[in-house]
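Please read the points below with the coordinates open beside them. They move from overall quantities to the sheets, and then to individual residues that deserve a second look.

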Amino acid sequence: MKESEIYEQLTHFGFQTPKFYSFKLNDTLPKIDFYPVALKIESPKVVHKSDFGGVILSIPNEMVLKEAIKEIISNVAQKGVELDNSDGFIVTAMTKGVEVYVGVVDDEIFGKVILFGKGGVYLEMYKDVCYIDTNAGSEEIIRAIKSTKISKVFDNFRGTTIDIKLAVEFIKKVQLFISQNPDIVELDFNPVILNQDGFTIVDSRIKKGVPFESKELPRNRPNFFENQKIAVIGASSEELKVGYAVAKNSLISHCEIYFINQKGGYLFGRELYTQVSSLPSDIDTAVITIPSKFVLQVIEDLIQKNIKNLVIISAGFKEVGDLTSEDKIKELATIHNFNIIGPNCLGYFNGNKNLNLTFGTDHVLKGNLALLSQSGAVLSALMDKAYVNNIGFSHIVSVGNMVDLNFAQMIEMLNEDELCQYISIYAEGIKDGKRFLQAIRNSKKPIYIFKTGKNEASKKAAFSHTGNLSGNYDMFKGLLQSVGSKIEDNIEALLFNPLNVVENILIVTNAGGPASILTDYVIDKGKKMYEMSEAEIALLDSVLPFNWPKSNPIDIIGDALSDRYEKTLDIVTTFEKVDMIYVLITPQFMTDCLAIAELFVKYKNSNKKIIPIFLGGELVKDALTYLRAHKILSFASLQEASSFL
């Protein structure tokens, strides 16, 4: 569309545009009464006008305007473009203010997404943009805009008093405009001039085409997390096989568990049924561990048993190029309305039932954290780390290739589960981005996400792993933060962050230097160092040497032994407004590290989060081993200890 045509359409939707005239190449120059003006080429042969020298600004009068027309014709010709009378120019009134950029892209994962940021010629240089979903509400829009540097214009920057509500109103107009023009696949308003009168679009480009649309049709699914009667297909007596591990892990549950193996016999004192059809009752949940070439037939057998939930651990599908089998599995799930996780996954754990259908560790504690992961290896490592640190789960779901159930649908189901209080997600690729964002908006539970695929190399690795598209990481991060989830920068934070939601932090240390470094990490994470009252300082004066600094971090001096640590902790655990206490131990000559470690058993059930950090090597090894044995969360480095904040 020509810019003049776009202006007419935008005006109809309530957007502000400058006064303008448009005319053909050989037309008589119209009489213009609003100098100074900008002159721009209007031609389908010239997409990015600035790149062709097709824009001249601040033209003061008609004489200069005529010369500007000649200059643009010459500039365009030098780029190899010959203009004719189907081409023309647009003259627009100059508007003063801050240049911002507003655009729309049609993303394969998230569909239509709005970009907002610093505009003009500096757009590509600074890349100061945020990403806003076309379904975002006012709070989400503000959260996104405030992530940009240009948002300072809304914070009384250098005396400016522009209300951010003007930006929200403008973005909502863009949302409406896009929703009523679904064939728009690309849009650039650059620049948009922002002043106290609002936003004026002074340059625009629109591209129309066929938009990306979600292929996922909504259906009234059964709840995947309701499991009563379970079949393990491929249960095996061979200890090194996946079927053995799943069968063994499943025995802890009080659900009805059936084992199927075509060889028959017994396993763990239970009958091995030779085929699905011989099972004595219907099955709501089944786990498949057999080779991929037999999976489709088994699914068809399970359909006769009214299957509701299917866990396909078997690999050898999309990740190795077999799209046909996955499409058929997906088709069966849609027709017969059952859920699938996998293929190519570690399995599933349901804390409500104490049901472990994974081939990972059998040491899984019940808790209130749901952990969803596309990588079975990452999940296995986190499960092991969780057990050592006394972290329990409401649910664990290894989604694998995500042929059917995706993160959005699992969040929706977990939203209604009372045991689940937090949701952590390790994501490699996302499906149905719009629904994913909506699920997070509607979630009653805080959501924490680690996303791989930040660069082209890792995107390629992620695709070969699960067969899913990784998407644009900056867009992913921006949209997910705006919608209210927390994006983590390390996978361990998926375990520790949900259980350590803190604001005010206090540090107890026997060394000033490491405490200063830790303080920097705390502040960088946006947390606060607790400020002690005079009364609280006085309490510490009664147990600490006279030369302690009387501030946070609380330096209890390098010669501190376990008794001084204990007296200090007895006091600071009474400070009502402290959320978390880091206890930092560096091994001096006299430091009794193991005795200090033994103290933390006393505070294990404290209403304060107490995190010991033992820095060093051989001298702190026994202390860290003791803490792990007693399932007390501890760290051996400052950076790791602060990574989950």
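1. The protein exposes about 28700 Å², of which carbon and sulfur atoms supply 51%; accessible areas here come from the Shrake-Rupley method with a 1.4 Å probe, and for residues only the protein chains shown count as cover. This is a predicted model, in which local features need pLDDT of at least 70 and side-chain atom pairs count only at pLDDT 80 or more, while totals for chains, interfaces and linings use all residues. Residues are numbered from 1 along each chain as its sequence is written, and side-chain values use heavy atoms, with hydrogens and water left out.

2. Along the principal axes, the C-alpha atoms of the protein fill a box of roughly 95 × 80 × 40 Å. Of the 645 residues, 55% are buried, where buried means under 20% relative accessible area, exposed over 50% and partly exposed in between, with a 1.4 Å probe and protein chains only. Among contacts with a separation of 6 or more, 70% are between residues 24 or more positions apart, contact meaning heavy atoms within 4.5 Å.

3. The protein has 68 positive and 79 negative charges, and the mean positions of the two sets are 1 Å apart. In this count Lys and Arg are positive and Asp and Glu negative, with His and the chain ends not counted; each charge is placed at NZ of Lys, CZ of Arg, CG of Asp or CD of Glu.

4. The protein has 20 helices and 29 strands, taken as DSSP runs numbered from the N terminus (helices H or I, at least four residues; strands E, at least two). One open sheet has seven strands in the order S13-S14-S12-S11-S15-S16-S17, with mixed pairing, two strands being paired if DSSP finds at least two bridges between them. Its edge strands are S13 (266–267) and S17, each of which pairs on one side only.

5. Within that sheet, strand S16 (residues 309–312) is covered on both faces, since Asn309 and Val311 on one side and Leu310 and Ile312 on the other are all buried. Strand S15 (residues 285–288) pairs with S16 in the parallel sense over four bridges, and isoleucine 288 stands opposite isoleucine 312. Between these two strands the chain passes through helix H7 (residues 295–303), in a β-α-β crossover that is right-handed; with the strands pointing away from the viewer, this term requires the path from the first strand over the helix to the second to run clockwise.

6. S16 is also joined to strand S17 (residues 339–341), with three bridges and a parallel run. Asparagine 309 stands opposite asparagine 339, and the chain goes from S16 to S17 through helix H8 (residues 323–336), again by a right-handed β-α-β crossover. Leucine 310, for its part, faces isoleucine 340 in S17.

7. A second open sheet to inspect has seven strands in the order S19-S18-S21-S20-S22-S23-S24, with mixed pairing. Strand S19 (355–358) and strand S24 (486–487) stand at its edges with a single partner strand each, so one side of each is left without a neighbour in the sheet. Inside it, S22 and strand S23 (residues 447–451) run parallel and are joined by five bridges, with isoleucine 423 having isoleucine 447 as its bridge partner.

8. Some backbone details should be checked. Most residues other than glycine have a negative phi, and most peptide bonds are trans. The bond from tyrosine 35 to proline 36 is cis, with omega near 0 degrees, and proline 36 lies in the loop between strand S1 (20–24) and strand S2 (37–42). A cis peptide bond also joins asparagine 190 and proline 191, and proline 191 is placed in strand S8 (residues 184–195).

9. Aspartate 432 has a positive phi, near 50 degrees, in the loop between strand S22 (422–427) and helix H11 (433–442); at 17% relative accessibility, aspartate 432 counts as buried. Lysine 631 has a phi near 55 degrees and is partly exposed at 22% relative accessibility.

10. Threonine 591, in the loop between strand S28 (580–585) and helix H18 (593–599), counts as buried at 12% relative accessibility. Not counting residues up to four places away in sequence, threonine 591 touches Asn510, Gly558, Ala560, Leu561, Ile585, Thr586 and Ile596. The C-alpha atoms of threonine 591 and asparagine 510, 81 residues apart along the chain, are separated by 9.3 Å.
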